[in-house]
Amino acid sequence: MLLLIGIDLGTSAVKLLMMDENGTIRKIVSREYPLEFPRPGWSQQNPEDWWRAVCDGLEELLKGSDSTQATAGSLTTARCGIS
């Protein structure tokens with residue numbers, strides 16, 4: 001069975017989803033990371049926190065599945081926004 005993986009790198013967490021070729025959701029995982037406010041009006045994040053959350057999330061997402069069947073993926077992110 002082919003598996004498809006979606007990764008959404010959001011403001012406060014990464015959300016990962018695995019579905020099969022029929023569109024049935026097999027598993028959803030979320031990993032949070034910190035948002036820092038070093039000065040009033042400023043916010044920042046460490047990209048290493050994003051990477052660690054994605055790697056940890058993928059490990060959990062694929063646990064118990066045949067990772068060789070993961071044939072496609074999609075990554076979305078909203079970065080460098082101004083509010």
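# Close-up views of helix H1 and its surroundings

**View 1. Gly64 follows helix H1.** Gly64, just after H1, takes a positive phi of about 85 degrees. Helices and strands are DSSP runs numbered from the N terminus, a helix (H or I) having at least four residues and a strand (E) at least two. The model in this and the following views is predicted, so local features need pLDDT of at least 70 and side-chain atom pairs count only at pLDDT 80 or more, while totals for chains, interfaces and linings use all residues. Residues are numbered from 1 along each chain as its sequence is written, and side-chain values use heavy atoms, with hydrogens and water left out.

**View 2. The length and start of helix H1.** The 16 residues of H1 should span 22 Å at 1.5 Å a residue, and the 23 Å between its end C-alpha atoms agrees with this. The expected span of a helix is 1.5 Å times one less than its number of residues. At the start of H1, a side-chain oxygen of Asn46 comes to within 2.9 Å of the backbone nitrogen of Glu48. A polar contact is a pair of N or O atoms within 3.5 Å; within protein, one must be able to donate a hydrogen and the other to accept it, and residues adjacent in sequence count only if both atoms are side-chain atoms.

**View 3. The buried and exposed sides of helix H1.** The buried residues in H1 are Asp49, Trp50, Ala53, Val54, Gly57 and Leu61. They lie on the same side of H1, because they cover an arc of only 130 degrees around the axis; the arc is that of the directions from the helix axis to the C-beta atoms. Buried means under 20% relative accessible area, exposed over 50%, and partly exposed in between (1.4 Å probe, protein chains only). Glu48, Trp51 and Glu59 are exposed on the other side of H1. The cover over the buried residues of H1 includes E1, E2 and strand E3 (25–32).

**View 4. The largest nonpolar core.** This core has 13 residues, of which Ile7, Leu9, Val14, Leu16, Tyr33, Val54 and Leu61 touch the most other members. Strand E1 (3–9), strand E2 (13–20) and helix H1 (47–62) are the elements that give two or more residues to this core. A nonpolar core is a set of buried Ala, Val, Leu, Ile, Met, Phe, Trp, Tyr and Cys residues joined through side-chain atoms within 4.5 Å. Not counting residues up to four places away in sequence, Leu61 touches Ile5, Leu16, Leu17, Met18, Lys27, Ile28 and Val29. Contact means heavy atoms within 4.5 Å.

**View 5. Salt bridges at helix H1.** There are 4 salt bridges in the structure, a salt bridge being a side-chain nitrogen of Lys or Arg within 4 Å of a carboxyl oxygen of Asp or Glu. One of them joins Glu60 to Lys27, with the closest N and O atoms 3.9 Å apart. Glu60 lies in helix H1 and Lys27 in strand E3, so this pair ties together parts 33 residues apart in sequence. Glu60 is partly exposed at 26% relative accessibility, and Lys27 is partly exposed at 24%. The side chain of Glu60 also meets that of Lys63 in a salt bridge (3.2 Å, N to O), and Lys63 is exposed, with a relative accessible area of 52%. Lys27, Glu60 and Lys63 are joined into one network by salt bridges that share partners. Another salt bridge links Arg52 and Asp49, with the closest N and O atoms 2.8 Å apart. Arg52 and Asp49 both lie in helix H1, 3 residues apart, about one turn of the helix. Arg52 counts as partly exposed at 44% relative accessibility, whereas Asp49 counts as buried at 16%.

**View 6. Gly6 and Asp20, in strands E1 and E2.** Gly6, in strand E1, is partly exposed, with a relative accessible area of 22%. Not counting residues up to four places away in sequence, Gly6 touches Lys15, Leu16, Leu17 and Ser74. Asp20 belongs to strand E2 and is buried, with a relative accessible area of 3%. The side chain of Asp20 reaches the backbone nitrogen of Asn22 at 2.8 Å. Leaving aside neighbours within four places in sequence, Asp20 is in contact with Met1, Leu2, Leu3, Leu4 and Arg26.

**View 7. Asp66 in the loop after helix H1.** Asp66 is in the loop between H1 and strand E4 (70–77) and counts as partly exposed, at 42% relative accessibility. The side chains of Asp66 and Thr68 make a polar contact (2.6 Å). Asp66 and Met1 are 65 residues apart in sequence, and their C-alpha atoms are 9.0 Å apart in space.
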